[in-house]
Amino acid sequence: MSNTERTELKARRVAFDWSATPLHWLPGDPATTHTINVLHLLLPAGERWFVHVYKQVLPQIRDPELRKDVIGFIGQEAVHSQAHDDVLPHLAELGLDPAPYTAQVDWFFEKLLGDRTLPPGRPRQWWLMERVALIAAIEHYTAFLGDWVLNAEALDRRGADPVMLDLLRWHGAEEVEHRSVAFDLFLHVDGGYRRRVRTWALAFSALVFLWQRGARFFMENDPTLVDGRAGFRAFLRAGRQGVLPSAGAMLRSVPTYLSRDYHPSQECSTAQAVAYLNSSPGANGRPQPGGPHTAAASGGALR
Amino acid sequence: MTRADTARTAAVLALTAGTALLAKRAMGRRIERSPLWPMPALDRPVSGTMGLRRTGPDRSERTVRVTGRHAVADRVVQLRLGAPDGAALPDWEPGAHLDLVLPSGLVRQYSLCGDPAEADTWTVAVRLTDDSRGGSRAVHEQLHEGAELRVRGPRNRFPLAEAPAYLFLAGGIGITPLLPMIRAVAAANAPWRLVLGGRTRASMPFLDELAALDGGQGRVTLVPQDEAGHPDLAGALAGMPPEAAVHCCGPAPLLDAVTALCEGERAPGGGLHLERFTAQPPDAAGPNHPFEVELRRSGRTLAVPADSTALATVRAACPDTAYSCEQGFCGTCRTRVLQGPVEHRDELLSDAERDAHMLLCVSRARGAGQRLVLDL
């Protein structure tokens, strides 16, 4: 395998203090804030599901190095899930209760994509492999987003809340750090090209579907917006401004994953990710209490 | 277009329409009940509740105000704590403790010794210790009436066991978690005895209330060291019915002595329940004892040496055991415990989850030579 940047994967203990994070943590841009907030809706249930599936596939791994990576991946994903989960009560406190949406995402991952009652043997194995391939496709996008957020200087320039930015970049950096694991695992246990294409199409449509609906849900239920709407035009504009990934970059990521000689190690920079992880306040036991700077930034946006 | 083509198109259309109708019937009701079209929702949602279920540091933190302060014995001060707005505080049960975040940032655990029925007040009693590293001194010198402080909890790692009879053994300020237990046991008319040791009679708090609870039945034995030396633990244990539960709280030598007296065949039928009472920070782990884990599903029993962990031992036998942080915060190695006393050292699981689960990486059996039966 062409993965030259192998680092030992380890869950990091993180702490984030949400007490001073405003609802519109990207000041004056609720549409972008909520588009990124959809992460908090999808990731707690989604990453719990990753862990659930990977614990089942663990006994089928014959390569000890890969097993170590998968175990590290499981721990990191478990902590990601908890960290995003902790944002949800804070959103509810700010008047935007995410529960109607997250209850559906819970259903999506726990029931629809959960352990189906299948006869043991081939059907059960098929469903496990299908889910392993789905995770590899989703991880292609989490690494894409992780790389994007590590480099999204526009968010700093626009005064995004430092605690939220730290959560996104810590998570993004770990996604970049472990970007090869899901794909390596898929190659190890199955690796079929048709399955890769099929699950990519499924994962991509599900992500687009869930994401646009999450953004619309947030915009329509935001207590501070009179006629909140999430539109495709606003998304394209945010992409041009650099506060969201651009549509062009997203389209270009499609043939990358579908290319027959794709490997995640060809993209992103582990060095950049590790550098961020070593300096992240949340991942190094220095939770920012959201000092006066954040409070001032929140003033205009919401309270 | 030929006739056959038309017929085929019609058949495909009919089939599609039929499938759509069936799907609508199957999904319709679930979708209507769902708050957002067009996906069903999980009946009991999980997302957004992990933090509420967790009991690690700073999860249940709140501000309270000192609403009352009295000296209840020599060098012992009792604080009554209430919400600044006078609202009701979370419920607790006998044996629960509170983490006080002192003005210096030090965190110290103190058992709740008030009445659980008093919804707006938590009561703690704190002895000023000579070797205080700042905890009890800060309470005595800085927490005056009206002062505000942060607290966490309450959490209960020392619940009252169900038993037909009770023996309570307390050393000094170790009476605090036992007092609400004795009140509950006395109210339920269950037989009980208390042996309370201390340096001097004047240093023992709550003597009046204990005398009232006893009601002249001779159930309370006071053993002030300057008058009577050390309490006769063996005699107290021997005087109880075999099915009694023993609850003990006090300094380490007392707990060690009681543990030694209750080993093997002499173990009380209702169990030995210990609350270690030390000046250590709350999360400081006790000494590591060797213990055993039985993997029920694989039918194996493994010995965990004092210098190793349950996780390392289990992994040597089952290399596919998932784990990650090895520090008790990620939860990957969470395992169901079928039997055996667990000393939880993680900072993730809630008290309810601790009833039946442990994190293999940090938690151990409570006491040397104990066996934990795991669902593995």
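What pLDDT does chain B average, and what share of its residues score at least 70? This is a predicted model, and in it chain B averages a pLDDT of 84, with 89% of the residues scoring at least 70. The confidence falls below 50 over residues 278-285 of chain B, a stretch that has 11 contacts in the model beyond its near neighbours in sequence. For the model as a whole, the scores are an ipTM of 0.73 and a pTM of 0.64.

With that in mind, we can turn to the make-up of chain B. The chain holds 10 helices and 18 strands, and of its 376 residues 35% count as buried. Among the contacts in chain B with a separation of 6 or more, 66% come from residues that stand 24 or more positions apart.

One part of chain B that repays a slower look is an open sheet of 5 strands, which follow one another in the order 9-8-7-10-11 and pair in parallel. Its edges are formed by strand 9 (220-224) and strand 11 of chain B, each of which pairs on one side only. From one strand to the next, the twist of this sheet averages 10°. Strands of a sheet pair through backbone hydrogen bonds, either parallel or antiparallel.

Within this sheet, strand 10 of chain B, which spans residues 245-250, can serve as a guide, and its place in the order is between strand 7 and strand 11. Toward strand 7 (residues 166-171) of chain B, strand 10 is joined by 5 bridges, and the two run parallel; here B:Leu169 has B:Cys248 of strand 10 as its bridge partner. Toward strand 11 (residues 272-276) of chain B there are again 5 bridges, also between strands that run parallel. On that side B:His247 stands opposite B:His273 of strand 11, and B:Gly250 has B:Arg276 of strand 11 as its bridge partner. The chain passes from strand 10 through helix 8 (residues 252-261) to strand 11 of chain B, and these three elements make a right-handed β-α-β unit.

How many of the residues of strand 10 of chain B are buried? The strand is mostly covered, with 6 of its 6 residues buried. In a regular strand the side chains alternate between the two faces of the sheet. For strand 10 of chain B, one side carries B:Ala245, B:His247 and B:Cys249 and the other carries B:Val246, B:Cys248 and B:Gly250, and as these residues are all buried, both faces of the strand are covered.

Two residues in loops of chain B deserve a note on their backbone. Most residues other than glycine have a negative phi, and most peptide bonds are trans. B:Arg75, found in the loop between strand 1 (62-73) and strand 2 (76-82) of chain B, has instead a positive phi, near 65°. Because 17 other C-beta atoms lie within 10 Å, B:Arg75 is partly exposed. A positive phi, near 60°, is also present in B:Glu326, which lies in the loop between helix 9 (310-317) and strand 14 (334-339) of chain B. B:Glu326 has 19 C-beta neighbours inside 10 Å and therefore counts as partly exposed, since a residue is buried if 20 or more such atoms lie within that distance.

Chain B also touches chain A, in a contact that takes 24 residues from chain B and 33 residues from chain A. On the side of chain B, these are 15 nonpolar, 8 polar and 1 charged residues.

A residue of chain A that reaches across to chain B is A:Pro98, whose contacts beyond four places in sequence are A:Leu41, A:Leu88, A:Leu91, A:Ala92 and B:Gly48. A:Pro98 has its place in the loop between helix 3 (87-93) and helix 4 (99-112) of chain A, and it counts as buried because it has 25 C-beta neighbours inside 10 Å. Although A:Pro98 and A:Gly214 are 116 residues apart in sequence, they are 9.4 Å apart in space, C-alpha to C-alpha.

A further position in chain A is A:Ala143, in helix 5 (residues 122-151), which is buried because 24 other C-beta atoms lie within 10 Å. Its contacts, leaving aside neighbours within four places in sequence, are A:Glu175, A:Val176, A:Arg179, A:Pro264, A:Glu267 and A:Cys268. Of these, A:Val176 is 33 residues from A:Ala143 in sequence and 5.0 Å from A:Ala143 in space, C-alpha to C-alpha.

Conventions
Residues are numbered from 1 along each chain as its sequence is written. Chains are lettered from A and ligands numbered from 1 in the order in which they are written. This is a predicted model: local features need pLDDT of at least 70, side-chain atom pairs count only at pLDDT 80 or more; totals for chains, interfaces and linings use all residues. A residue is buried if 20 or more other C-beta atoms lie within 10 Å of its own, exposed if 12 or fewer, and partly exposed in between; C-beta atoms are placed from the backbone. Helices (H or I, at least four residues) and strands (E, at least two) are DSSP runs, numbered from the N terminus. Two strands pair if DSSP finds at least two bridges between them. A crossover is right-handed if, with the strands pointing away from the viewer, the path from the first strand over the helix to the second runs clockwise. Two residues are in contact if their C-beta atoms, placed from the backbone, lie within 7 Å. Ala, Val, Leu, Ile, Met, Phe, Trp, Tyr, Cys and Pro count as nonpolar, Asp, Glu, Lys and Arg as charged, and the others, Gly among them, as polar. pLDDT is the predictor's confidence in each residue, from 0 to 100. Axes are lines fitted to C-alpha atoms, for helices over the stretch in contact, and angles run from 0 to 180 degrees between N-to-C directions.
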